[in-house]
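Please open the model in your viewer and set the side chains to be shown as sticks. The tour below moves from one selection to the next and says what is found at each stop.

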Amino acid sequence: MYKVLIVDDERLIRMTLQNMLDWKELNCDVVAAVKDGIEAYGVFQKVHPDLIITDLKMPQMDGIELIRKVKEERADTQIIALSNYSDFELVRDAMKAGAADYLLKVTLDKEQLEKAVRQRLVHCESAQEKEDSEEIKWLNHIKQTLLLIKNQEKIEKEDAYLESAFVQPYKKEYQVAYLHVDNIHLFYEEKYEEHEKLEKFLYDQMRDSVPLDIEFRSFFLNHHTAIILLQGGQKQRMANICHTMIRNIQQYLNVQISFVLSNVMEDIKDFYQCCGDVFAASRNHFYRGSGTLMFVEEKEEYVGLDVAHMSWHKDIMEAMSTRDFQKAEKMLEESFNMMEKECIEPYQVIEYYIFILHNIEGNEMVKGHKNMYSLDTIVMNLRHCDTFSKLKEVLMEGFVLVEEWLKDENFNRYRQEVVDVMNYLDENYQEKLSLKEIAEHFSMSESSLSHLFKNETGMNLKSYINEKRMKKALELLSNESFKIKDVAAQIGMEDQLYFNRVFKKYYDLSPSDYRKKLQEERNENLDEVIE
């Protein structure tokens, strides 16, 4: 959309020009209508209008001087002069100074104005296309560099792109804000399928929230995270702008965003370092909660989770096993308080509660429940939580569903012989087990055992064992200290190639790809989320 500035010392003329045309239909936005050249020049320096319609006779700075100053700084700006019948000399001077056209005030009508504006917009379009091409190249370079910084890759300290005219407004003082949508994966699943629309909405809110007198640049790293470069050094004012965006986006889209705001910077050469600082500070977002504004100097020191000296998981699993749901809920709340108080490493918190869920599921399978409740959705949603408050919400909702499942009196239990086989397999799945060995252990024929187990559980023995092994493999792969071949050996699959094939069959990706994906998700959950 082209930016239009109207300049005239007569209020009636300014209002007439603003209302005479449907500016939006012309793809134009009247950014300001001011009374003299000094005020107009101030607006010009801040918003760089594409088209200026200006009177020539004005107090303080007249139209001729305004045209000269504008053309000296931005030659592509299109200017239409307004004159009276007696202003021939002024019109000539205006054209020499750089005005492209003039209109007589006394005969001005809608048709004349629209024709003149359309003619100037043709030239604006040509200049805009050239500038857009250069700007797109510049934006892409900055974006790619920021992505490298976010991923902690090394970059060149000197970057000619930071000397571009596009950063001119930020040469003196600026701040950097890092915006990200909270718990974005859950948001996409529930509310918003078209990601591009989210990015456009966020940008529109930026544009509406940042005052006209402040220049800003946004660099979207994806559809839901962005670096915002803000002109000026008034830190409290920038904080208020961030709060405004948090409030407006929550109100209009019912989604929460968070910000990390940098210190005031004085040298644009420090821009990349500044961005690195806000990326690093965003890792502290987990316990702060959704819809928050953090400052770069606010840091948290996370500590590791010492499971060996904890009993929460044992108490919770025992309470669920004995159907003491009130105790399980109490234990969960106490564990939440401990995690937050001790500031435990976020990804370890997530994996800890997933470990508990998997064990609850396994314990119920051992009891012989046919009608098993799938915890996969709960586990996936936990992995997508980037705030502790959301994790607690998802986990508590999940436990309500598990409780309803366990209270269901319509459970069909397996025959005792099958339960005995399951217990045996659960205790020995790490060993090399053959159908013959299992059948001999229970004094049954191979065919009788296979038939009984398949009829009761709906799966054959090999599938049951492999499923048990694969779930254990997921748990072991989350620990990076284990090599993949060690994981395979611990679950009874010494042949790593065979382990890879079975794992890929179950989860549609190899163990190494799963571990890589898990690490990326951890980084996103701690960074942002940085997606």
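Begin with Arg 207, which in this predicted model counts as partly exposed, at 46% relative accessibility. Add Asp 204 to the selection: Arg 207 forms a salt bridge with Asp 204, with 3.8 Å between the closest N and O atoms, and Asp 204 is buried at a relative accessible area of 19%, because buried means under 20%. Both residues belong to helix H7 (residues 195-209), where, being three residues apart, they are separated by about one helical turn.

Next, select Glu 351 and Arg 383, whose side chains meet in a salt bridge of 2.3 Å, N to O. This pair links distant parts of the chain, since Glu 351 sits in helix H12 (residues 346-366) and Arg 383 in helix H13 (residues 376-383), 32 residues apart. Glu 351 is buried with a relative accessible area of 15%, and Arg 383 is buried with 12%.

Now move to Asp 8 and Lys 105, which form a salt bridge whose closest N and O atoms are 3.0 Å apart. Asp 8 is in the loop between strand E1 (2-7) and helix H1 (11-20), while Lys 105 is in the loop between strand E5 (101-104) and helix H5 (110-150), 97 residues apart. Asp 8 counts as buried at 0% relative accessibility, and Lys 105 counts as buried at 15%. Extend the selection to Glu 10 and Asp 55, which are linked with Asp 8 and Lys 105 in a network of salt bridges.

Finish at Ser 510, in the loop between helix H20 (496-507) and helix H21 (511-527), where a polar contact of 3.2 Å joins the side chains of Ser 510 and Ser 512.

Terms used: Residues numbered from 1 in each chain as written. Predicted model: local features only at pLDDT ≥ 70, side-chain atom pairs only at ≥ 80, totals over all residues. Heavy atoms only, no water. Helix = DSSP H or I, 4+ residues; strand = E, 2+ residues; numbered from the N terminus. Polar contact = N/O pair within 3.5 Å; in protein donor to acceptor, adjacent residues only side chain to side chain. Salt bridge = Lys/Arg side-chain N within 4 Å of Asp/Glu carboxyl O. Buried < 20%, exposed > 50% of the residue type's maximum accessible area, 1.4 Å probe, protein only.
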